[in-house]
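Hi,

Here is the structure I promised to pass on. Have a look at it first, and then read my notes below.

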Amino acid sequence: MEFTPEKIAALKKEHGKIMLLEVGDKSAILKQPDRTVLGLAMSKRDPLKMVEVVLDNCWIDGDAEIRTDASYTYSAMEQMDDILGKKSSSIKNL
């Protein structure tokens, strides 16, 4: 699916921070997950269920196969750290 610059601008205005997820030949626009979605996703022990929670709650538009075809959903798992906004961190003994 292709998203025009005009459509992207309209979606940003409506949803705030959005991101383009590309999986193989499919793509989708997702909104930034909030704390509720993060908590629900992190509560899932099954990584595939975590991806499904994020896609279900953050989905704006795109190729439905990313949500319905297990091979696309599984491949989307590679991007979960970026979708969830995971930052680099460190700890030091003082």
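A word on terms before the details: a residue is called buried when its relative accessible area is under 20%, exposed when it is over 50%, and partly exposed in between (1.4 Å probe, protein chains only). Helices (H or I, at least four residues) and strands (E, at least two) are DSSP runs, numbered from the N terminus.

Please keep in mind that this is a predicted model, where local features need pLDDT of at least 70 and side-chain atom pairs count only at pLDDT 80 or more, while totals for chains, interfaces and linings use all residues. Residues are numbered from 1 along each chain as its sequence is written, and side-chain values use heavy atoms, with hydrogens and water left out.

Now the overall picture. The protein chain has 6 helices and 3 strands, and along the sequence they run α-β-β-α-α-β-α-α-α. Its C-alpha atoms fit a box of roughly 50 × 30 × 20 Å along the principal axes. Of the 94 residues, 34% are buried. As for contacts (heavy atoms within 4.5 Å), take those between residues at least 6 apart in sequence: 59% of them join residues at least 24 apart.

Next, helix H3. This helix covers residues 47–58, 12 in total, and spans 17 Å from its first C-alpha to its last, close to the 16 Å expected at 1.5 Å a residue. (The expected span is 1.5 Å times one less than the number of residues.) Which residues of H3 are buried? They are Met 50, Val 51, Val 53, Val 54, Leu 55 and Cys 58. In general, an α-helix has 3.6 residues a turn, so residues three or four places apart point the same way. At the start of H3, a side-chain oxygen of Asp 46 comes within 2.9 Å of the backbone nitrogen of Leu 48.

H3 also has a neighbour in Met 77, which sits in the loop between helix H5 (70–76) and H6. Leaving out residues within four places in sequence, Met 77 is in contact with Pro 47, Leu 48 and Val 51. Met 77 counts as partly exposed because its relative accessibility is 23%. From Ala 9, 68 residues away along the chain, Met 77 is separated by 26 Å between C-alpha atoms.

Two residues in the strands caught my eye. Asp 61 belongs to strand S3 (residues 59–62), and its side chain makes a polar contact with the side chain of Lys 7 at 2.6 Å. (A polar contact is a pair of N or O atoms within 3.5 Å; within protein, one must be able to donate a hydrogen and the other to accept it, and residues adjacent in sequence count only if both atoms are side-chain atoms.) Beyond four places in sequence, Asp 61 touches Met 1, Phe 3, Lys 7, Ala 28 and Ile 29.

The other is Lys 26, in strand S2 (residues 26–31). Why does Lys 26 count as buried? Because its relative accessible area is 18%. With the same sequence neighbours set aside, Lys 26 touches residues including Asp 63, Glu 65 and Tyr 72.

Finally, Ser 89 lies in the segment after helix H6 (80–83). Ser 89 is exposed, with a relative accessible area of 70%, and its C-alpha atom is 31 Å from that of Ser 71, 18 residues away along the chain.

Cheers

Conventions: Expected span 1.5 Å × (residues − 1).
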